Amino acid sequence: MDDSISVSDALLAFAFMGDLSMGQPPTHSRRVAWLARRIAQDLGLEAGIGEEAEQVALLRWAGCTANASDVAGVIADDVQGRRAMLALRPQEMQVIVAPEDLAQQAPHIAAVHCEVASLIVSALGLSPSINIAMDFLFEKWNGSGVPGRLAGNEIPLPVLIVHLAGDCELLAREHGLPQAAALIAQRAEVVYPRAFAELACASLQAWLQELDAAPLPIPLAQSRKVPLSLLADAIDLKLPWLTGFSRACANTAGELAARLQLPQEEQALVRRSALLHSLGRVAIPNKVWNREGPLSSSDWEQVRLGPYWTARLANLVPALKNEAEMASYAYERLDGSGYFRAASGAATGSALCILPVANCWIALQSPRPWRAPMQPEEARAHMEKQMALGRFDAAVVAALDGRSAALAAPSKTTHSVQLSAREREVLQRISKGESNKEAARQLGLSPATVRTHLESVFRKLECNSRAAATLKASLMGLL
């Protein structure tokens, strides 16, 4: 069954995911991409630099889900806090650690982001120069960036261009043109060269007027395909306990569609939609998802917007229009008690009834911060109760017979990397967010032994972080 997507559409989807993660409007990165090309053109640079800057602009926030947990450990809201950071309003970030702790954590947080973004670039098969740019996304012209290894012309030129383009788009929107120009001037010789800042201050109004009248940029057409599961895996990095969730839902939904004998094209649509169904979750701060007690009314208002944001993908990536639309029904219920539409009865349609069942079935048998996982019998009883209340389609629930939560069996590895059985066990624990001590307790090992196995895993996968190891292992079929 075809679960692929073109590289061009993947670039747009990752840009959308990144914008939601950073608290930005869903067209922010595409507007930055347009500005980056225009800046490169007005600087008299060769066309290839402009193309590279455009791709960097679309993918620079691709690592945002990977470090969301780390970010949430230092600021109260990993989404709106990052929005405040980009808008140069540090007083709105709600830092929850001491300043020295924030400074100490910043290099690690940036490194995780860059490592995962670089992995995504590799999986997309883009130019090695884009990989290099991803490694230095947070460097600054004066050497004060993170990790602070580069300065001046050592920094890849597309990165400097995108820094400026990002400031032009965001600061003008947040502060207005005069203040944006003043802030850009202040950042000259700090974030980017003075010549860049002077060009922007002189051209900002004209650029933005032209951008507002132009269609959103679309990356150069690339017929090459990549798995849609790449995007699903990146989405699931938002919360460690989501690891593998989207794939498991896709496997379940696809099998249910087959059992119900839907046409082949509808089976494929159901499965692909399941891979996307958690996309809108990235727009909601981790503090909401990790709440151990009942959600507040304010929390629920945010949660209900999750599938709305998933639906918005349909307007921005036409190739995924049908998938995004179906994915946004994942939390609807037949009696109208779901969200975000509160759709009921015939409004949901037969194919649309599958994903809500698959999603709930897998979620019930998965651990969550607010509860332990249900056993299959308990989960089945819950599903049947919901069916009796008129919330789930009876035929879809009946098709669950004989199924368990062990639905996302690892595929055969397509890479030369081989992990031992114990290394896989350790990786599976760590990928779910467990500490070395927690994994050791669950596996009956010492923390030192777990650390040794984990170091071996990282060495074999050529990764330095849990998030990168999780993503790479998922793509290789090792998880």
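Good morning. I begin with alanine 342, which is placed in the loop between helix 17 and helix 18. Please keep in mind throughout that the structure before you is a predicted model. Phi of alanine 342 is near 55°, a positive value in a residue that is not glycine. Why does this deserve a remark? Most residues other than glycine have a negative phi, and most peptide bonds are trans. Is alanine 342 buried or exposed, or something in between? Its relative accessible area is 39%, so alanine 342 counts as partly exposed.

The loop between helix 17 (321-327) and helix 18 (354-364) also holds phenylalanine 340. The peptide bond that leads from tyrosine 339 to phenylalanine 340 is cis, and its omega is near 15°.

Let us turn to glutamate 189. This residue sits in the loop between helix 9 (177-186) and helix 10. Here, too, a residue other than glycine has a positive phi, near 65°. With a relative accessibility of 35%, glutamate 189 is counted as partly exposed, because that class runs between 20% and 50%.

A further cis peptide bond joins valine 146 to proline 147, with omega at about 0°. Proline 147 belongs to the loop between helix 7 (128-135) and helix 8.

Valine 146 brings us to the second largest pocket. Which residues of its lining are closest to its centre? They are Met85, Leu86, Phe138, Lys140 and Val146, out of 37 lining residues. The space in this pocket comes to about 1000 Å³. Helix 5 (80-86), helix 6 (99-124) and helix 8 each contribute at least two residues to the lining. By character, the lining of this pocket is made up of 24 nonpolar, seven polar and six charged residues.

I should now like to consider helix 2, which covers residues 28-42. How far apart should the ends of its 15 residues be? At 1.5 Å a residue the helix should span 21 Å, and its end C-alpha atoms are indeed 21 Å apart, so the expected span and the model agree. As for its surroundings, 12 of the 15 residues are buried, which means that helix 2 is largely enclosed by the rest of the structure. Among the buried residues are Trp34, Leu35 and Ile39, and also the arginines Arg30, Arg31 and Arg38. Against which helices do the buried residues of helix 2 pack? The partners are helix 1 (7-21), helix 3 (47-59), helix 8 (157-175), helix 10 (194-213) and helix 16 (306-316). After helix 2 comes glycine 44, and its phi is positive, near 75°.

Another glycine, glycine 254, is part of helix 12, which comprises residues 245-259. Its relative accessibility is 11%; the limit for a buried residue is under 20%, and therefore glycine 254 counts as buried. From glycine 254 to valine 417 there are 163 residues in sequence, while their C-alpha atoms are 29 Å apart in space.

Finally, a word on confidence. The chain has a mean pLDDT of 94, and 96% of its residues reach 70 or more. Where does the pLDDT fall below 50? This happens over residues 406-413, a stretch that has 18 contacts in the model beyond near neighbours in sequence. Thank you for your attention.

How values were computed. Residues are numbered from 1 along each chain as its sequence is written. This is a predicted model: local features need pLDDT of at least 70, side-chain atom pairs count only at pLDDT 80 or more; totals for chains, interfaces and linings use all residues. Side-chain values use heavy atoms; hydrogens and water are left out. pLDDT is the predictor's confidence in each residue, from 0 to 100. Contact means heavy atoms within 4.5 Å. Helices (H or I, at least four residues) and strands (E, at least two) are DSSP runs, numbered from the N terminus. The expected span of a helix is 1.5 Å times one less than its number of residues. Buried means under 20% relative accessible area, exposed over 50%, partly exposed in between (1.4 Å probe, protein chains only). On a 1 Å grid over the protein atoms alone, a cavity is a set of points where a 1.4 Å probe fits but cannot get out, and a pocket is an open set with protein on both sides within 12 Å along at least five of seven lines; lining residues have an atom within 4 Å of a point. Grid points are joined across faces, edges and corners, and a volume is the space filled by probe spheres set on the points. Ala, Val, Leu, Ile, Met, Phe, Trp, Tyr, Cys and Pro count as nonpolar, Asp, Glu, Lys and Arg as charged, and the others, Gly among them, as polar.
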